[in-house]
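This report walks through a model whose sequence and coordinates are shown below, and it is best read with both at hand.

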Amino acid sequence: MRRYGKHTDEDDIRTRPGRRNTRPRTNIRPKHEDAAEGLVLTVDRGRLTCLVEDRVVMAMKARELGRKAAVVGDRVAIVGDLTGKKDSLARIVRIEERTSVLRRTADDDDPFERVVVANADQLAVVTALADPEPRPRLIDRCLVAAYAGGLEPLLVLTKSDLARPDKLLELYGHLDIPHVVTSREELQNGTAVARVREQLDGKITAFVGHSGVGKTTLVNSLVPEEQRRTTGRVNAVTGRGRHTTTSALALPLSGSDGWVIDTPGLRSFGLHHVDPSQVIHAFPDLEPGTEGCPRACSHDEPDCALDAWVAEGHADPARLYSLRRLLATRERKEGD
């Protein structure tokens with residue numbers, strides 16, 4: 001038992017220095033003013049492939065970013081080993097402000113928001129005219145997400161050799177959305193690729209679509225030097241294709257300053273993150289008819305002015321049906 005004298009001030013007690021660094025902690029973080037600018041090309045299990053000038057650099061997220069995650073299309077600040085050599089690893093220390101964000105949830109009941117792509121200029125919604133059959137409700141949901149995220153929509157219709165596009169174009173034609181119709185033969189001889197490229201030059205375009213519509217085949221035709229494995233066969237029972245693209249990937253468009261971002265095939269497109277009042281903005285043909293609606297109208301009630309507006313021939317009844325189907329889905333969640 002240790003005995004102390006009459007003066008037992010703490011200063012008299014000898015302490016053993018700790019093994020770890022005893023430098024006091026601080027909340028002041030370095031500004032990394034000398035960090036290089038990079039573009040996130042793809043993300044795979046915590047490793048981010050980035051383009052820094054003309055070099056492809058592998059990086060990881062710095063701990064100081066917390067739970068904030070970088071996604072494909074993000075512009076980031078990178079420090080560390082930027083040589084791009086094998087086994088080198090840099091560090092992302094800052095995610096720059098985004099100009100647009102494409103978000104989705106697994107379904108309308110899922111509160112967990114997933115950021116699919118950042119900083120894209122437009123969203124190309126790829127839909128097959130047959131095999132599998134087109135899904136207008138999914139197209140509508142993609143349009144809602146595009147308008148809510150600040151992206152301009154582009155409609156790409158594939159497999160026109162199996163079915164005519166007239167019915168689908170009539171449904172969306174009056175929305176002033178640019179569109180391109182392609183066939184499998186045109187993809188092979190390059191004529192369809194040329195028409196699609198006209199809509200992509202100078203822009204960052206994210207491609208979305210459900211499995212089996214030929215999205216990755218189209219991307220491979222646009223960027224032949226960066227072939228991705230094409231979509232598997234469409235299931236004869238479900239009418240759906242198999243996922244072959246498992247992660248988003250940004251690819252430079254050949255002979256252009258544009259970029260193409262291929263994304264995994266969709267089974268669903270949840271809109272839990274979208275305020276129901278924003279849904280009407282995806283239907284510009286219906287929006288003028290809401291001027292006569294009562295205050296705080298849900299656009300799915302007896303006094304809604306849209307019924308008379310559509311009955312007078314100002315818009316297609318199918319568009320009003322699409323709007324109310326989406327609103328009804330969102331309202332069911334809010335009422336739970």
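## Helix 5 and the residue after it

In helix 5, the buried residues are Lys215, Thr216, Leu218, Val219, Asn220 and Leu222. The model is a predicted one, and in it helix 5, which runs over residues 215–222, is mostly covered, with 6 of its 8 residues buried. As general background, an α-helix has 3.6 residues a turn, so residues three or four places apart point the same way.

Val223 belongs to the loop between helix 5 and strand 12, the latter spanning 249–252. With a relative accessible area of 0%, Val223 counts as buried, because the cut-off for that class is under 20%. Although Val223 and Leu251 are separated by 28 residues in sequence, their C-alpha atoms are 7.3 Å apart in space.

## The largest pocket

The largest pocket has a volume of about 700 Å³. Its lining is made up of 26 residues, and the closest of these to the centre of the pocket are Val71, Glu113, Arg114, Val115 and Val116.

Two strands, strand 6 (101–104) and strand 7 (114–118), each supply at least two residues of this lining, and the largest share, 3 residues, comes from strand 7. Sorted by class, the lining of the largest pocket holds 13 nonpolar, 6 polar and 7 charged residues.

## Salt bridges

The structure holds 16 salt bridges. One of them joins the side chains of Glu64 and Arg91, at 3.7 Å from N to O. Glu64 lies in the loop between strand 3 (55–61) and strand 4, whereas Arg91 lies in strand 5, so this pair ties together parts that are 27 residues apart in sequence. Glu64 is partly exposed, with a relative accessible area of 33%, and Arg91 is likewise classed as partly exposed, at 34%.

Another salt bridge links Arg94 with Glu96, whose closest N and O atoms are 3.2 Å apart. Arg94 is partly exposed at 32% relative accessibility, and Glu96 is partly exposed at 31%. Elsewhere, Glu53, Asp54 and Arg55 are joined into one network by salt bridges that share partners. Within that network, the side chains of Asp54 and Arg55 meet at 4.0 Å, N to O. Asp54 is exposed, with a relative accessible area of 66%, while Arg55 is partly exposed, with a value of 26%.

## A nonpolar patch on the surface

Which residues form a nonpolar patch on the surface? The patch consists of Met58, Met60 and Leu89, which together have about 220 Å² of accessible area. Leu89 is placed in the loop between strand 4 (75–80) and strand 5 (90–95), and Leu89 is partly exposed, with a relative accessible area of 33%. That value allows Leu89 to belong to a patch, because patch residues need over 30% relative accessible area.

## Backbone geometry

Most residues other than glycine have a negative phi, and most peptide bonds are trans. Against that background, the peptide bond from Asp131 to Pro132 is cis, with omega near 5 degrees. Pro132 is located in the loop between strand 8, which covers 122–128, and helix 1, which covers 136–149.

Asn119 has a positive phi of about 65 degrees although Asn119 is not a glycine. This residue sits in the loop between strand 7 and strand 8, and at 1% relative accessibility Asn119 counts as buried. His299 also has a positive phi, near 65 degrees, and His299 too is a residue other than glycine. The place of His299 is the loop between strand 13 (259–262) and helix 6 (306–311). Is His299 buried or exposed? At 13% relative accessibility, His299 counts as buried, because that value falls under the 20% cut-off.

Key. Residues are numbered from 1 along each chain as its sequence is written. This is a predicted model: local features need pLDDT of at least 70, side-chain atom pairs count only at pLDDT 80 or more; totals for chains, interfaces and linings use all residues. Side-chain values use heavy atoms; hydrogens and water are left out. On a 1 Å grid over the protein atoms alone, a cavity is a set of points where a 1.4 Å probe fits but cannot get out, and a pocket is an open set with protein on both sides within 12 Å along at least five of seven lines; lining residues have an atom within 4 Å of a point. Grid points are joined across faces, edges and corners, and a volume is the space filled by probe spheres set on the points. Helices (H or I, at least four residues) and strands (E, at least two) are DSSP runs, numbered from the N terminus. Ala, Val, Leu, Ile, Met, Phe, Trp, Tyr, Cys and Pro count as nonpolar, Asp, Glu, Lys and Arg as charged, and the others, Gly among them, as polar. Patches are made of residues with over 30% relative accessible area and no salt bridge: like charges are joined within 9 Å, nonpolar side chains (Val, Leu, Ile, Met, Phe, Trp, Tyr) within 5 Å. Accessible areas come from the Shrake-Rupley method with a 1.4 Å probe; for residues, only the protein chains shown count as cover. Buried means under 20% relative accessible area, exposed over 50%, partly exposed in between (1.4 Å probe, protein chains only).
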